[in-house]
Amino acid sequence: MGLVGVDSAWIITEGIASLLDPQDNHDMEGTLGIKTYYDRNTTTYASFQKEFRTKYSDEDNSKPGIYALRAYDIISIITQAISKMNTETTNTSLQELLAERLSNNYKGLSGIMQLKGGEVLLDSPRFRIINIVDGKTDKELNIWTPGFGFSKSLVKVSGTYRSSDDVGDVTWPGNITLRPSKGWAMPTVEKKMKIAIPIQNSPFITVLGENRYDGFCIQLFNMVVGNLSHLYSLPHEFHEFNGSFSDLIELVNDKTYDAIVGDITVLVERIDKVEFTQPYLESGLTMIVPDISAEEETWMFMKPFTWQMWLVTGIILIYTTLVVWFLEVPSSPDLKGSLKSQIAFATWFTFSSLFFAHREKVYSNLTRIVFIVWLFVVLILSSSYTAKLSSMLTIQRLSSNVTDIEMLWRINSLVGCDNDSFVRNYLENVLNFNRDAIEPIRRTRHLHVIDSSYNPEEIRQKNLSAVFLELPYAQVFMDKHKGYTLTQPTYNFGGFSFVFQRGSPITRDFSKIILDLLENGEMRNLQNHWLTPHNRPTNTTSDMPESLSLKSFWGLFVISGTTSTFCFLLALTIWLKKLYHQEASQGI
């Protein structure tokens, strides 16, 4: 039936292994078996084996098994007890004689036996691991004991047995001496592993020609296979796939393909369908933002304050100017000209105070009060403005015109994402972006660009506020193009990984090699060569600081306005009172 072939690994129990002893059955070639260990180097065993072979000389392989030895030991004990009962004059029963023989740990051909609690207990089990080669069961690989596992022999060293986790050099079905994995059908030259590779012409996988591929993932796969060559070979063939990653996962799930070599992200909904190796690259949702244009940089000096802040500052300046003019008109000789000259002088006087460049003399005490409060306001505003503008101009990561994801969602900005990945659904279902606000982008020969005929600069022409990509894609993009800023991943995913069918033991071997490559730095070298060859700074950013708003200075403006108003009303009251007394004296 072909059940014992190159794609299988069989382990048989002692009951079956014992039945195979006298046979020459090549159909069981490569099968592993278990046999109970017994000492075959004693004179008693040699004598019994000679007698056994003489009696069963017609058999091809006349060797007594464990069941024959145990039967012989039991019959020997019974025979000895009966003989002793016949020679003794006492009325000792056969059962008592048997118990007496077994009470002292009787050692027979099959091992030590003892009577305990009315039951015959055998010695602690020790098993021989045998391998059927050329139809014979002569090849013994190892010995297994409960306390020490596998060992080459039962010779004690320092009070213990030599132990090992290895069963030995096995010849498997099909005369294969390399180690298969847990009974899994390993690929062969006749039946190669079918590996799907997503075609995208990116640094991850590049098509060189017919059945010729290169790239980060291909090179990594070859490195892993090379490191596994001392354990087993992995004959394989690549199959190109043009479609979504979700569809590709399903094709591995239904066993159309054996594995996927590519930039596959580990996600919760995929874990129940396939096996993932140890991720070779970390992944997370990043945001690429176009840097501020030259036109925006021209007006950078306006960014430290919000427009509301600028408006209120201007209003307070004009209001203070009018109050100063009103307070100084009666006593200042500089305000004796025309109304136009008076307003110009008052405006210059107040405005120059912004730079502490005023030199004009103040005559009114109320003006001095207003002016002291105004100078305090100017000091706070100028200090805050200088600090904010300095930070915006000196910190490179603050050069983008988008602050964070929440701001994009709040103002319903148009954003882009990879149309072939799960990121679009993530933006809609997790981050609650409006579907109409998401512009899909496609992969082309130059990686991520919008549609097939556009280049990255057209992100600006499409008025995209930001583009959402997974971290490795974003790093490749940033290494190729200038004029963009990359934010730190705010939402982490499972990383990029290779994919195998569920239950495949090859996954564990791949994961072990990938971890080793990560630890010894070879993965980093491979990443630098394929993904970031230009080693260009990514201008990684965190959240951009907001402009100073009115709420930060509201109290300051209220104090200034209240002081000016109070002095204005007080001066107005004095002026009206003086005018009243002047009219009264003239009337008298």
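Here is a walk through the structure, from the whole chain down to single residues. Keep in mind that the model is a predicted one.

Let's start with the overall picture. The chain has 588 residues, and 42% of them count as buried. Its secondary structure adds up to 18 helices and 24 strands. If you look at contacts between residues at least 6 apart in sequence, 69% of them join residues at least 24 apart. As for the outside, the accessible surface is about 32600 Å², with 54% of that belonging to carbon and sulfur atoms.

Now find the open sheet of five strands, where the order is 14-11-15-24-16 and the pairing is mixed. The edges are taken by strand 14 (236–241) and strand 16 (274–276); each has a single partner strand, so one side of each goes without a neighbour in the sheet. From one strand to the next, the twist averages 35 degrees. Zoom in on strand 16 and you'll see how it is held: three bridges join it to strand 24 (residues 496–501), and the two run antiparallel. One bridge partnership to look for is E275 with F500, the latter in strand 24.

Two helices go with this sheet. Helix 5 (residues 216–227) packs on it, touching strand 11 (193–198), strand 14, strand 15 (259–265) and strand 24. The direction of helix 5 makes about 130 degrees with that of strand 15. Helix 6 (residues 245–253) lies across strand 11, strand 14, strand 15, strand 16 and strand 24. Relative to strand 15, helix 6 runs at about 145 degrees.

Helix 6 also brings us to the salt bridges, and the structure holds three of them. In one, the side chains of K273 and E250 meet, with 2.5 Å from N to O. E250 sits in helix 6, while K273 is in the loop between helix 7 (268–271) and strand 16, so the pair ties together parts that are 23 residues apart in sequence. How exposed are these two residues? K273 counts as partly exposed, because its relative accessibility is 29%, and E250 falls in that class too, at 31%.

The other salt bridges to look at share a residue, E428. R424 forms one with E428, and the closest N and O atoms are 3.3 Å apart. These two are four residues apart in helix 13 (residues 423–429), so about one helical turn separates them. The side chains of R435 and E428 meet as well, at 3.0 Å from N to O. Put together, R424, E428 and R435 are linked in a network of salt bridges. Both R424 and E428 are buried; for E428, that follows because its relative accessibility is 16%, below the 20% limit used for buried residues.

Next, head over to helix 9 (residues 307–328), which contains I318 and also T313 and V312. Which of these residues are buried and which are exposed? V312 has a relative accessible area of 17%, so it is buried. T313 is buried too, with a value of 16%. I318, on the other hand, is exposed, because its relative accessible area is 54% and the exposed class starts over 50%.

The neighbours of helix 9 show how distant parts of the chain come together. Leaving out residues up to four places away in sequence, T313 touches L381 and F557. F557 turns up again with V312: those two are 245 residues apart along the chain, yet their C-alpha atoms are separated by 8.2 Å. For I318, the residue to check is T347, which is 29 residues away in sequence and 7.8 Å away in space, C-alpha to C-alpha.

Finally, take a look at the surface. I74, I78, I82, M85 and L94 form a nonpolar patch there, and together they have about 340 Å² of accessible area. Which helix gives the most to the nonpolar patch? That is helix 3 (residues 66–87), with four residues. L94 has its place in helix 4 (residues 94–102). With a relative accessible area of 30%, L94 is partly exposed.

Notes: Residues numbered from 1 in each chain as written. Predicted model: local features only at pLDDT ≥ 70, side-chain atom pairs only at ≥ 80, totals over all residues. Heavy atoms only, no water. Buried < 20%, exposed > 50% of the residue type's maximum accessible area, 1.4 Å probe, protein only. Contact = heavy atoms within 4.5 Å. Pairing = 2+ DSSP bridges. Axes fitted to C-alpha atoms, helices over the stretch in contact; angles between N-to-C directions. Areas by Shrake-Rupley, 256 points an atom, 1.4 Å probe, with all protein chains shown as cover. Patch = residues over 30% accessible without salt bridge, like charges linked within 9 Å, V, L, I, M, F, W, Y side chains within 5 Å. Salt bridge = Lys/Arg side-chain N within 4 Å of Asp/Glu carboxyl O.
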